[in-house]
Amino acid sequence: MGQASPGCRRAPVRDRFIRHTTLAAVLQVLSHGLLTTTTNAQAESEAYLPRAPSLVVSNEVAEPTPAWANFCERVPAECSIDLSEPEAISLSPDIWRTLVSVNERVNAMIKPISDQEHWGVEDRWDYPDDGYGDCEDIQLLKRKRLIEAGLPRRALRMTVVLDEVRAGHAVLMVRTDRGDFILDNQRRAVLAWTDTGYEFIKREGAEGRAWVTLSPHPAPVVTANQ
């Protein structure tokens, strides 16, 4: 009688059950380990996010600069407020990287020039579409880029300050759950507002087109600083 041909012999049912159970246990341990590692890495990353004090806002209404009012007439959507948006962003590592990237890229791509040289007027707020602009033009472009990246306009507030030589200057304030941060064409880094050395005078409000007062000192009429 001929010898049976060799073939693939299946393991007994009990052996197969043990192998499957062991494999499932190993996969569960690995999955738990990966989840724990990811959670720990995220927590560690968030722990290194900066913090800043929130800027105290007065209840006193501030008049926007005439150049801002003129800008709102030309580009009303830029000045609108959507009350369904949050007033502050939940700051994450990804959003922080976006803030830093946009600040650096826009500062590098726009050549500073005064409004008098650029437009022939003392103060004008506009997008620097031709690659030239002064402080407020540069911050408006940053805000536009951040909105395109998905950040809420209501948390991105144009702000008027006095710089180190007491000249009017415009910056972009980003309001977050970790405090208020400043994007500025005079600084490469995104800074807590307390680290800028500026005196904060007024900024856009979060409830409507009216601005809010940040300082008892008189506001500059223009923000023509490059």
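# A tour from the fold to Arg203

Read along the sequence, the predicted chain runs α-β-α-α-β-α-β-α-β-β-β-β-β-β, with helices (H or I, at least four residues) and strands (E, at least two) taken as DSSP runs numbered from the N terminus. Residues are numbered from 1 along each chain as its sequence is written, and side-chain values use heavy atoms, with hydrogens and water left out. Because this is a predicted model, local features need pLDDT of at least 70 and side-chain atom pairs count only at pLDDT 80 or more, while totals for chains, interfaces and linings use all residues.

Start by selecting Glu78 and Arg153, whose side chains meet in a salt bridge at 3.3 Å, N to O; the term requires a side-chain nitrogen of Lys or Arg within 4 Å of a carboxyl oxygen of Asp or Glu. The pair links distant parts of the chain, 75 residues apart, with Glu78 in the loop between α2 (66–74) and α3 (93–109) and Arg153 in the loop between α5 (135–148) and β4 (156–162). Both Glu78 and Arg153 are buried, where buried means under 20% relative accessible area, exposed over 50%, and partly exposed in between (1.4 Å probe, protein chains only). Extend the selection to Arg143, Arg157 and Glu204, which salt bridges with shared partners join to Glu78 and Arg153 in one network.

Next, keep Arg157 and Glu204 and add Trp68, Cys79, Ile81, Gly205, Gly208, Arg209 and Trp211, to show the lining of the largest cavity. This cavity has a volume of about 40 Å³. On a 1 Å grid over the protein atoms alone, a cavity is a set of points where a 1.4 Å probe fits but cannot get out, and lining residues have an atom within 4 Å of a point.

Now select Arg203, in strand β8 (residues 199–204). Arg203 is buried yet has no salt bridge, and the nearest side chain of opposite charge, Asp180, is 4.0 Å away. Leaving aside residues up to four places away in sequence, Arg203 touches a set of residues including Arg157, Arg175, Asp180 and Trp211, contact meaning heavy atoms within 4.5 Å.

From there, move to Arg175 in strand β5 (residues 168–176): its side chain meets that of Glu87 in a salt bridge at 3.4 Å, N to O. Arg175 counts as buried because its relative accessibility is 17%, whereas Glu87, at 34%, counts as partly exposed.

Conventions: Lys, Arg positive; Asp, Glu negative; His and termini not counted. 1 Å grid on protein atoms, 1.4 Å probe; cavity = no way out; pocket = protein on both sides within 12 Å on 5 of 7 lines; lining within 4 Å. Points joined across faces, edges and corners; volume = space filled by probe spheres on them.
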